[in-house]
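Here's a quick walk through a two-part protein model, written for someone who'd rather be at the bench. Have a look at the structure first, then read on.

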Amino acid sequence: MSEGALPRVFLVDDHALIRSGIRTELGDQVELVGEADEVEAAIEMIIERTPDVVLLDVHMPDGGGRAVLEGVISNQPSVKFLALSVSDAAEDVIAIIRAGARGYVTKNIEGPELIEAIYRIAAGDAVFSSRLAGFVLDAFASQNGEAEVAPPPFDPELDQLTVREREVLRLIARGYAYKEIATELNISIKTVESHVSAVLRKLQLSNRHQLTKWATERRLL
Amino acid sequence: MCGGVAKRFGIDSKRVRIVAVISALFLGFGIAVYMAYWILVIRQGEEKSILSRIGSDKREKEILFVGAIAILSLMLALQILGINKFGLITLFFTLSVLGALVIWRGVSTNEREHLRRLTDAIANLGSSTGEGWPGVALRTVVSLVFILVGVANLSRVSRRPGAASGVVVGATTLIVGMVVLFAPWWIGTIRGLSKERRARVRAQERADMAAHVHDSVLQTLSLIQRAADNPMEVARLVRMQERDLRLWLVDPESFGIASDPPTTLAASAFEIEHEVEDSYAIAVEVVIVGDCTLNGAVLALLGAGREAAINAAKWSEAPSVSIYIEVERERITMFVRDLGRGFDQADVPSDRQGISGSIKERMARHGGQATIRSMPGAGTEVELVLPLKTSP
């Protein structure tokens, strides 16, 4: 994405009503380069049009958002995905992030917040909803709660969160915006963003077997 | 057809039919008469009988001629090969094939369509794979060969007692023939049964879903229509319905069954979320890290948090309130935050039960602590900390 240009956005959702709602909310703040309502067409068009950000519905027939993600990333690794879902189920959230999405927001997100999230993703950062932050804290924290039984982390760099990352995630979980977090912790917004990106990386790459196990066991909404 | 006979001879058609069926059962004679009648007699509404139609067509005659030659040579071949035992069977078989052929060629187009549909149905009935008529014919021929060879083996064995292996070979061949002939039908029947069972389960599920959609979604929609001029009420109804649907999607089995009072902190916190959302026009977002069982102190913490959320719902004018709870080994922390209008704590009269009694003092009684941060215009956050003496 070049400086000053609007992010080029592609929209994938199988419900026309949701698509038109999102289109209205985005308005002229982004450049919408296309829409698709099913997996096959989405993969084809995204590879062809190489948008900056794909707004991706998690739940769709024929493999859902994950199938789109996997189909595109192998061909066009530069395309970034922001997952949109009505579901807050941990297994869905963790699965789509681990498949490569750089953020996750629920569909009832307000228009301005969604636009902010798109810009953040386009700039290469990550976007965590408060729910996702809670999931990550829970998944990574469980090793502290059961330190006696849990095996030592395989890769300390990837399998643990730093104190700062934990603080940032906690504030996100409490409903703080990035700007508020920066003020609260006395750091710059850029630093907040880099902490979140670091957490995303750990979430995607960590081999912690507890992560997946935790996500599937957790059926709370 | 029986009706036709009855009309001609002036007898009751039922009686003719009974006679025809009985004679068919006992002699096979009835069938022959029936077929001959079909071929020879002119049908109602048609000009010629089937036979005369065949006779008048040159091509039909040729086909008949070729068919007859083929059958005769087949019989001759069987005679030479010495399996004349089957000569009689072959004769009947070939005659019926010939008969079928004659009927097939002779019938009018309408009838042919009807027959085709009939035979296709039989073919599909016999084969679950939907291989169609040619496949069935092929399989029938193959299995008949197996059966014939098997019978031939067995009959030869009876003349040469002592060759036990012949019995085995013959029986096996016979069985293989039977299996080839009937297997698709068996498989089809079994598949059909399980398909039927699955269809029944699906229908049951669909009925359950329809009932649920009616009881919950449609009812709520009509309530929303009635409350259309009250946005707060609409928002409340929508949230209630949304939560209801989520619960149902996750666990349709236990949905609607009155659940026991919650026994864990997380379950209890979600109950607070539902209660506050239902009672006030505010969205509550609960994020919980960790969990523990309930006890007096934990209940006090949740009670204080609930009070804070209700305060936010009543006074903040914010559209939503965030609740965050983290359970650690030494303590439980709970944050209740809104981005509403906020307030200056100095302005709150000290006799207001909400903040002092329900939140601060309740926490203090259990060794905990409540901190309230609020500024006019910048929202409110209530932080509750409950130290845990022993393991959670």
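What follows goes through each chain, then the place where they touch, and then the salt bridges.

## The two chains at a glance

Keep in mind that this is a predicted model. Let's start with chain A. It has eleven helices and six strands, and its length is 221 residues, 53% of them buried. If you take the contacts in chain A with a separation of 6 or more, 68% are between residues 24 or more positions apart. The accessible surface of chain A is about 9800 Å², and carbon and sulfur atoms account for 52% of that.

Now chain B. Here you get 13 helices and five strands, spread over 392 residues, with 32% counted as buried. Among the contacts in chain B between residues at least 6 apart in sequence, the share joining residues at least 24 apart is 61%. Its accessible surface runs to about 24600 Å², with 64% of it on carbon and sulfur atoms.

## Inside chain A

Which residues of α4(A) are buried? Helix α4 of chain A spans residues 90-99 and is mostly covered, with seven of its ten residues buried. Among the buried ones are V93(A), I94(A), I96(A) and I97(A), and D92(A) is on the list as well. Right after the helix comes G100(A), which has a positive phi, near 130 degrees. A90(A) and A99(A) are buried too.

Another spot worth a click is A42(A), which sits in helix α2 (residues 39-49) of chain A. A42(A) is buried, with a relative accessible area of 0%. What does A42(A) touch, leaving aside its neighbours within four places in sequence? The answer is V12(A), A36(A) and V68(A). You can also check the spacing to V72(A): it is 30 residues away from A42(A) along the chain, and the two C-alpha atoms are separated by 8.9 Å.

## Where the chains touch

How many residues of each chain are in contact with the other? On the chain A side there are 24, and on the chain B side 22. Putting the two together buries about 1900 Å², of which 45% is on carbon and sulfur atoms. Between chain A and chain B there are six salt bridges, along with nine residue pairs in polar contact, counting pairs where both residues are at pLDDT 80 or more.

On chain A, the helices α6 (130-145), α8 and α9 (178-185) each supply at least two residues of the side that touches chain B. The largest share comes from α6(A), with seven residues. Sorted by class, that side of chain A has ten charged residues, seven polar and seven nonpolar.

One cross-chain pair to zoom in on is E328(B) with R170(A), a salt bridge whose closest N and O atoms are 3.7 Å apart. E328(B) lies in the loop between β2 (320-327) and β3 (331-338) of chain B, while R170(A) is in helix α8 of chain A, so this pair joins two chains. E328(B) is partly exposed, with a relative accessible area of 21%.

## Salt bridges within the chains

First, a bit of background. Side chains of opposite charge can pair when their charged atoms come close. Over all chains, this model has 21 salt bridges.

In chain A, try K202(A) and E165(A), whose side chains form a salt bridge at 2.9 Å, N to O. K202(A) is in helix α10 (residues 189-205) and E165(A) in helix α8 (residues 163-173), so the pair ties together parts that are 37 residues apart in sequence. Are these two residues buried or exposed? Both K202(A) and E165(A) are buried. Chain A also holds a network of salt bridges linking E116(A), R120(A), D125(A), K190(A) and E193(A).

In chain B, E383(B) and R373(B) form a salt bridge at 3.5 Å, N to O. E383(B) is in strand β5 (residues 380-387) and R373(B) in strand β4 (residues 369-374), ten residues apart. R373(B) is partly exposed, with a relative accessible area of 33%.

Key. Residues numbered from 1 in each chain as written. Chains lettered and ligands numbered in written order. Predicted model: local features only at pLDDT ≥ 70, side-chain atom pairs only at ≥ 80, totals over all residues. Heavy atoms only, no water. Helix = DSSP H or I, 4+ residues; strand = E, 2+ residues; numbered from the N terminus. Buried < 20%, exposed > 50% of the residue type's maximum accessible area, 1.4 Å probe, protein only. Contact = heavy atoms within 4.5 Å. Areas by Shrake-Rupley, 256 points an atom, 1.4 Å probe, with all protein chains shown as cover. Salt bridge = Lys/Arg side-chain N within 4 Å of Asp/Glu carboxyl O. Buried area = accessible area lost by both parts, 1.4 Å probe. Polar contact = N/O pair within 3.5 Å; in protein donor to acceptor, adjacent residues only side chain to side chain. Nonpolar A, V, L, I, M, F, W, Y, C, P; charged D, E, K, R; others polar.
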